[in-house]
Amino acid sequence: METLYRRHINPYWLDTLEELSLPSTHVRGDGLYLYDESGEAWLDLVAGYGAVSLGHHPPEITRRVAEAIMAGGAPGTYPWGANLPSAELAHRLVAKSPLPEDARAVFACGGAESVETAMKLAMAHTGRTRFLSFRDGFHGLTLEAMALNGNAVWRRALPDMRNANTCVDMRDVDAWTRHLREADHAGVVIELVQGIGGGAVWGAETLATLVECCRETGTLVIVDEVQTGLGRTGRYFASEKFPVGLAPDIIVLAKGLTAGILPLSVALCRAEIHHSLFGAPGCARIHGSTYAGYGAGIVAGMAVLDFLESHEIPAVVARTSAHVRGRLEGLRAEHRSVASIEGEGLLITVTFSDDCPDLSGFCLDQCIANRVLVNLSAHRPNTIKLTPPLTIGTQELDDVVDLFDAALQAYAE
Ligand SMILES: Cc1ncc(COP(=O)(O)O)c(C=O)c1O
């Protein structure tokens, strides 16, 4: 099979895995662990970049999806009819969000697709075409989402003509207020905690300045919660931290929406924004796709919300996060090589100091040697990122902090 993969899919990726001494594949996933072909267990703290939010194959979710599919009857996708079950999921998501209670949902199948839905909604509502995004942000790899990405790596292969957007440093308040006032933008697209970017977090005060500037200039605020949504930050929505009265205009969810079981994403928006795109005569189906909001995905989304509610997952995440961050801050106090701990909830980044430029690689090697999967931040090469399942216990995380501790000591010797 590897030969076929090499021939037909991606030989370069197999080379990379080999260089990192990682198995080319894992044949089974169960809870926090992935199992390789020889049956060895790997603790998975990447968890599909956070998509696998309830662990691999959470029985409460997979059973509901399997039962729905096996029961048959309900059509999978049916363009000539309204997909009524999607309304209940939309209703529950909107109720948990900081959006008004009559906000609407446009479902799709992936994060980038819904980011582009949000862009389309903002363009229809404002009549403008330009967007402002932030350095080191990441919004997906379809062409328009890619044009928002704040790192050259993910804009590679993008023709120059598409670079009409503005990309600024989130810390440079003067720069982004100036840009917003000088040129008409349809929207700003932000991640409240930069996922791929390495964990930088928007503070409430800067966020208030951004929203006020957007209100003043008629720019829509689009929050990309593909990574932060549905429990990851210790809240259902990271957007709950918007100052009262300054809610975003559009929120995008994906990954954790089905706990990584099936592809499903959604853009939630104020009703008048939805009206601008869909409300004109003959435009009721102006946007969509074959599988948008398909039955099995909606069942998975409902099962995920049931799980999050019945197990009070956001509160659990807040507690687990406080514990592991306390331990990591202890490491920082002990090792000068640890520069900062960032992120929110169980999106955790550990950045090493500039005088140890190869330390993240060293820690990664130590993790792999101990069959623990972690991420290196693509934008900050000296940052390690953890996005474990939200159900992880403090014991497993303590073991990982101990592993980092041993690695840091070994590096210093
Ligand atoms: C914040 C953010 N937005 C958008 C995306 C793109 O999502 P997808 O890979 O489902 O297209 C990602 C993927 O990692 C992401 O982290």
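**Exercise 1. Place Y49 and A47, and compare their exposure and phi.**

Y49 lies in the loop between β3 and α3, where helices (H or I, at least four residues) and strands (E, at least two) are DSSP runs numbered from the N terminus. A word on the model: it is predicted, so local features need pLDDT of at least 70 and side-chain atom pairs count only at pLDDT 80 or more, while totals for chains, interfaces and linings use all residues. Residues are numbered from 1 along each chain as its sequence is written, and side-chain values use heavy atoms, leaving out hydrogens and water.

Step 1: A47 is in the loop between β3 (41–44) and α3 (59–71).

Step 2: A47 is buried at 0% relative accessible area, whereas Y49 is partly exposed at 41%. Buried means under 20%, exposed over 50% and partly exposed in between (1.4 Å probe, protein chains only).

Step 3: Phi is about 45° for A47 and near 50° for Y49. Most residues other than glycine have a negative phi.

**Exercise 2. Describe how helices α5 and α9 pack.**

Step 1: The axes of α5 (residues 111–126) and α9 (residues 271–278) come within 8 Å and cross at roughly 85°. Axes are lines fitted to C-alpha atoms, for helices over the stretch in contact, with angles from 0 to 180 degrees between N-to-C directions.

Step 2: The two helices, α5 and α9, are therefore roughly perpendicular (65 to 115 degrees).

Step 3: In α5, K120, L121, A124 and H125 meet α9 residues including E272, I273 and F278; contact means heavy atoms within 4.5 Å.

Terms used
Angles under 35 degrees count as roughly parallel, over 145 as roughly antiparallel, 65 to 115 as roughly perpendicular and the rest as oblique.
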